[in-house]
Amino acid sequence: MAKKKLSIATKLLASASIFLAIGFTPEPAEAHNGEGNWPSHAVGSMSCAGKMVKAAPPRFVTAWKGREMDTVFWKPVLYRYNGSKYEQYKSLADWPGYAYVTLYGFNPDTKPGWRNTSNDGKLNFTSFKSLPTGSYKILNQIHWVSSGSTHTEWSPNSCSIK
């Protein structure tokens, strides 16, 4: 059998593909159906209003496989575009939200939906205030207590403050 030589362009394309595949750790915002390493979940959206960014918690989350119930924490991390890429701009010290979940989603019997960790009230969004002009994205952190695992995933959109 004769050996086939690969062109330099083919080698560069293959190297770039591997580099790009390894280089990105946060996943795009898509509903996960429990396949792979993470329980089913779908991150929430974000919006800009005035000088503020509002981040909504995940639309749904399920318990870790093999668990009937679980507690999940959520924290948004704000990123701002610097002219060439998005960089972390603000992160919260604490996890603003938690939810009790089952294998089917939010537990309807125990404080259903997202709750505020500071006052136990219902949590619809977390806001970042007094922001300068710019384009922003949210990186969601979702933490399952039963496994001790934290998943990061971008919100499905970005927004701009003018």
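**Entry 1: F73**

I began at F73, which I located in strand β5. The model is a predicted one, and I read every position below with that in mind. For F73 I found a relative accessible area of 24%, so this residue counts as partly exposed. I then looked for its partners along the chain. Setting aside neighbours within four places in sequence, I listed W95, G97, Y98, W114, T117, Q141, I142, H143 and V145 as contacts of F73. For one of these, W95, I noted the C-alpha distance to F73: 6.4 Å, with the two positions 22 residues apart along the chain.

**Entry 2: confidence**

I next checked how far the prediction can be trusted. The protein chain has a mean pLDDT of 83, and 78% of its residues reach 70 or more. By element, I found the lowest confidence in helix α1 (residues 8-23), with a mean of 36, and the highest in strand β3 (residues 52-55), at 98. Over residues 1-25 the pLDDT is below 50. I recorded one contact for this stretch beyond near neighbours in sequence.

**Entry 3: overall make-up**

I counted one helix and 13 strands in the protein chain. Read from the N terminus, the order is α-β-β-β-β-β-β-β-β-β-β-β-β-β. Of the 162 residues, 35% are buried. Among contacts with a separation of 6 or more, 63% join residues 24 or more positions apart. The exposed area of the protein chain is about 9900 Å², and carbon and sulfur atoms supply 55% of that area.

**Entry 4: strand β7**

I turned to strand β7 (residues 97-102) and asked how many of its residues are buried. Five of the six are, so the strand is largely enclosed by the rest of the structure.

I then traced its pairing partners. Strand β5 (residues 69-81) runs antiparallel to β7 and is joined to it by six bridges; D70 has V101 of β7 as its bridge partner. With strand β9 (residues 115-116), β7 pairs in the antiparallel sense over two bridges, and here I found Y98 opposite R115 of β9. Strand β8 (residues 105-106) also pairs with β7 in the antiparallel sense, over two bridges. In that pairing, T102 is partnered by G105 of β8. The connection from β7 to β8 is a hairpin of two residues.

I add one general remark to this entry: side chains in a regular strand alternate between the two faces of the sheet.

**Entry 5: the nonpolar core**

I looked up the largest nonpolar core and found 22 residues in it. Those with the most contacts inside the core are V53, V72, L78, W114, L131, Y136 and I138. Which elements give two or more residues to this core? I listed β3, β5, β7, β11 (134-144) and β13 (159-161). The greatest contribution comes from β11, with four residues.

I followed I138 further. Leaving aside neighbours within four places in sequence, I found I138 in contact with M46, V53, A55, P76, V77, L78, F128, E153, W154 and S155.

**Entry 6: the salt bridge**

I searched for salt bridges and obtained one. Which residue forms this salt bridge with K111? The partner is D120, and the closest N and O atoms lie 2.4 Å apart. In general, side chains of opposite charge can pair when their charged atoms come close. I also checked the accessibility of both ends. K111 is partly exposed, with 34% relative accessibility, and D120 is likewise partly exposed, at 28%.

**Entry 7: positive phi angles**

I returned to D120 for its backbone. This residue sits in the loop between β9 and β10 (126-128). Its phi is positive, about 65°, although D120 is not a glycine.

I made a similar entry for S130, in the loop between β10 and β11. S130 is not a glycine, yet its phi is also positive, at about 55°. Is S130 buried or exposed? I found a relative accessible area of 68%; exposed means over 50%, so S130 is exposed.

Methods. Residues numbered from 1 in each chain as written. Predicted model: local features only at pLDDT ≥ 70, side-chain atom pairs only at ≥ 80, totals over all residues. Heavy atoms only, no water. pLDDT = per-residue confidence, 0-100. Contact = heavy atoms within 4.5 Å. Salt bridge = Lys/Arg side-chain N within 4 Å of Asp/Glu carboxyl O. Buried < 20%, exposed > 50% of the residue type's maximum accessible area, 1.4 Å probe, protein only. Areas by Shrake-Rupley, 256 points an atom, 1.4 Å probe, with all protein chains shown as cover. Pairing = 2+ DSSP bridges. Core = buried A, V, L, I, M, F, W, Y, C linked by side-chain atoms within 4.5 Å.
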